[in-house]
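Please open the model in your viewer and keep the sequence beside it, so that each selection can be followed in both.

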Amino acid sequence: MSVKSTAARRTTRGGAKRRGGEPGLVQLLTPEGERVEHPEYSIDLTPEELRGLYRDMVLTRRFDAEAITLQRQGELGLWASLLGQEAAQIGSGRATRPDDYVFPTYREHGVAWTRDVDPLNLLGMFRGVNNGGWDPNQNNFHLYTIVIGSQTLHATGYAMGVAKDGADSAVIAYFGDGASSQGDVAEAFTFAAVYNAPVVFFCQNNQWAISEPTEKQSRVPIYQRAAGFGFPGVRVDGNDVLAVLAVTRAAMEHARSGQGPMLVEAFTYRMGAHTTTDDPTRYRADEEREEWASKDPIQRLRTYLEREGLADEAFYAGIDAESDALAKRVREGVRNMPNPEPMAIFDHVYADGHALVDEERAQFAAYMASFEDVENAAVPGKGH
């Protein structure tokens, strides 16, 4: 697998040379599944690697769908779907190295998959039985961040530390188009630029910050904001997994080679609701969703694989079987998650303990004990 700063010439079927995408948008695979070239970004993948990207996206979508079903059945308190954003997440996640560090929001289920975080750990947080469920340093994948935009500051600070340590690695911070309006993001851009931090800011522009469209958030395309802070930005077709992989890998190399931060805007679309508490039919038209359904990232890659003869029916059948097995494991695993010990929430607030936490622990223990007193009083022979 290789990424080149200047694209090698490619030919489509029939020999015609083409450049893909609209002006300013990096695209290597059209919505019709046709391989095209770009003058600055190119990537060469083996058939096995292409099939791997397809597998990643299909399994991520199936996991996401199962999580939505579990929430509707009352097994999860909330879920933020990534439907439609599989290429943006899988392509960028597969562009990272094991020693790179990832700072996600609360929707990066596909990126978590590429970092080998067990999907059940993600669901534990949304079920309310843990506060994250995984060790961030085990996979260099930070815990999900609910506060909008704050993870960009965390990522920038971490990247500044990486630079001081002289490590040959980079940091990537995920956020959405809505978060780009937050002051934390602007501050992160400023610090990253001034300190030449090795960080890639990866914005998944799914065009809706809950019910606010992008045109009400910014007067210019999001990637162009980077220029005002003194570092480069690029817009990539977020439904094209090949282009996302190529652009993100180049951006990460830009950062780790000492050239400072870079902003990647993955132009995509949120096919589902913002979260399972949202009703997108109240603020956007069905025609818009139907238009983007024709740009589906999974179907796009499958069309290419079939056109080029890179996958057969046995491969697709195997993926379907693996998807079913994953869904079953997730479904059973969620329903069998043990409830947490109520007092455990106080255990790791401070490394060496704290007087206020000790006081709050005692207050909460007394509160919990009061329920036992009521229960004992209601049982004959117990209480006084």
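Begin with helix H6, residues 150–165, in this predicted model: its 16 residues, at 1.5 Å a residue, should span 22 Å, and the C-alpha atoms at its ends are 23 Å apart, which agrees with that expectation. Which residues of H6 are buried? Select Ser150, Gln151, Thr152, Ala155, Thr156, Ala159, Met160 and Val162, for these are the buried ones. An α-helix has 3.6 residues a turn, so residues three or four places apart point the same way. With those side chains still shown, add strand E4 (101–103), E5, H7 and E6, against which the buried residues of H6 pack. Just after H6, pause at Gly166, where phi is positive, at about 75 degrees.

Next, select strand E5 (residues 171–176), helix H7 (residues 183–194) and E6 together, and you will have a right-handed β-α-β unit on the screen. E5 and E6 pair in the parallel sense over six bridges, and within this pairing Ile172 has Val200 in E6 as its bridge partner.

Now select strand E6 alone, residues 199–205, and ask how many of its residues are buried. Seven of its seven residues are, and the strand is thus described as mostly covered. Val199, Phe201, Cys203 and Asn205 point one way from E6, whereas Val200, Phe202 and Gln204 point the other way.

Finally, add strand E10, residues 262–267, which runs parallel to E6 and is joined to E6 by six bridges; here Phe202 stands opposite Val264 in E10.

Key: Residues are numbered from 1 along each chain as its sequence is written. This is a predicted model: local features need pLDDT of at least 70, side-chain atom pairs count only at pLDDT 80 or more; totals for chains, interfaces and linings use all residues. Side-chain values use heavy atoms; hydrogens and water are left out. Buried means under 20% relative accessible area, exposed over 50%, partly exposed in between (1.4 Å probe, protein chains only). Helices (H or I, at least four residues) and strands (E, at least two) are DSSP runs, numbered from the N terminus. Two strands pair if DSSP finds at least two bridges between them. A crossover is right-handed if, with the strands pointing away from the viewer, the path from the first strand over the helix to the second runs clockwise. The expected span of a helix is 1.5 Å times one less than its number of residues. Contact means heavy atoms within 4.5 Å.
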